[in-house]
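Colleague: Please take a close look at one strand of this model and the strands beside it, and then work outward to the rest of the chain. I would also like the unusual backbone geometry listed with its location.

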Amino acid sequence: MDRERRDSYTLTITASDLGSPQQSTSVQLIITVNDANDNRPLFNTSSLQGAILENSPAGSSVMRIIATDADVGMNAQLEFNFTTTEYSDVFSLNPTTGEVTALKPLDREKQDRYTLKISVSDHGDPRLSSSADVTINVIDVDDNCPKFQPAVYNKSISENLPFNQSIVQVTATDADVKDNEKMMYSIWSGNQGGAFIIDRDGKEICLNIFASTNLASSCVILCCLD
Ligand SMILES: [Ca+2]
Ligand SMILES: [Ca+2]
Ligand SMILES: [Ca+2]
Ligand SMILES: [Ca+2]
């Protein structure tokens, strides 16, 4: 018998005598197949993936893990658990609903991916279980300013430097994803008489051919936008 294939049978039993005319009576017999715990719970997908924006407040939902069990009753009542204590201070797993929540805001720049080891078990006797890895990706938010590397540039130039020759190439880096590809540079302040120009993308600082002053020294403050 396999309850998961068919859980009841209805038989009609007839008793007849051998008289003439023949008399008979019948009765219905319903046979119910009781469940045995012969199916382990299974996750609904082989790839368990969740995602959360970095800096989301504590208690934010990350994903819900879904599993099914072909048995019934206690044999199909599921319980979700972590199988290691790693990251148990970062995420919680609701044992009944399978919902994963973040216990604190996450920082993608510190860690952008977590792998949680989880199991789902039924309440049959004996209990059956399955285990899996859950991958949680932390999605980037623009929460870092670009920084010049180094923070201060010192350059001496010849007084006869041609206008189109690069004086210095400055570089800023940004810890966020993709922000490094689209940064815009400009001279923020200190550019007396417009002595210098900076290439918006190329980061080259040159003498400005249209400058109106002669300087012995100059300090300019650069700006970079992500
Ligand atoms: Ca069963
Ligand atoms: Ca089961
Ligand atoms: Ca940024
Ligand atoms: Ca970020």
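**A strand and its surroundings**

Modeller: This is a predicted model, and the mean pLDDT of the protein chain is 93, with 99% of the residues at 70 or above. Confidence is highest in strand β9, residues 99-102, where the mean is 98. The lowest value belongs to strand β17, residues 204-207, with a mean of 86. I take β9 as the part to examine, and come back to β17 later.

The two faces of β9 differ in cover: V100 and A102 are on the covered face, whereas E99 and T101 are on the uncovered one. The strand has partners in β5 and β8. With β5, residues 61-64, β9 runs antiparallel and is joined by three bridges. In β9, V100 is the residue that stands opposite M63. With β8, residues 91-93, the arrangement is also antiparallel, again over three bridges. Here T101 of β9 is the bridge partner of S92. Thus V100, from the covered face, faces M63, while T101, from the uncovered face, is bridged to S92.

β8 and β9 form a hairpin with five residues between the strands. Within this hairpin G98 has a positive phi, near 75 degrees. G98 also appears among the contacts of I65, together with V100 of the strand itself. The other residues that I65 touches are F43, L48, F80, I118 and V134, leaving out those up to four places away in sequence.

I65 leads to the packing. The largest nonpolar core has 17 residues, and those touching the most other members are I52, V62, I65, L116, V134 and I136. At least two residues of this core come from each of β4 (48-53), β9, β10 and β11. β10 gives the largest share, four residues. A separate core of five residues lies apart from this one, and Y185, F196, I198 and L222 are among its members.

The domain assignment gives two domains, with domain 1 covering 42-139 and domain 2 covering 147-225. Taken over C-alpha atoms, their centres are 50 Å apart. A single pair of residues gives a further distance: the C-alpha atoms of E79 and C224 are separated by 52 Å, at 145 residues apart along the chain. E79 is part of strand β7. It counts as partly exposed because 16 C-beta neighbours lie inside 10 Å. Apart from neighbours within four places in sequence, the contacts of E79 are P95, V120, S121 and H123.

β17, the strand with the lowest confidence, belongs to an open sheet of three strands, ordered β13-β17-β16 with antiparallel pairing. β13 and β16 (196-198) are the edge strands; each has a single partner strand, so one side of each has no neighbour in the sheet. Two bridges pair β13 with β17 in the antiparallel sense. Across this pairing, E204 in β17 is the bridge partner of Q169.

That leaves the backbone geometry. Most residues other than glycine have a negative phi, and most peptide bonds are trans. Two residues that are not glycine depart from this in phi. Y87 has a positive phi of about 70 degrees, and is located in the loop between β7 (79-82) and β8. With 16 C-beta neighbours inside 10 Å, Y87 is therefore classed as partly exposed. K178 likewise has a positive phi, near 70 degrees, and sits in the loop between β14 (172-173) and β15 (184-189). K178 counts as exposed, because it has 10 C-beta neighbours inside 10 Å.

There are also cis peptide bonds to list. One joins D125 and P126, with omega about 5 degrees; P126 is in the loop between β10 (113-121) and β11 (129-139). Another joins Q149 and P150, with omega about 0 degrees; P150 is in the loop between β12 (147-148) and β13 (168-169).

How values were computed. Residues numbered from 1 in each chain as written. Chains lettered and ligands numbered in written order. Predicted model: local features only at pLDDT ≥ 70, side-chain atom pairs only at ≥ 80, totals over all residues. pLDDT = per-residue confidence, 0-100. Domains from an automatic or database assignment. Buried ≥ 20, exposed ≤ 12 C-beta atoms within 10 Å, placed from the backbone. Pairing = 2+ DSSP bridges. Core = buried A, V, L, I, M, F, W, Y, C linked by C-beta atoms within 7 Å. Contact = placed C-beta atoms within 7 Å.
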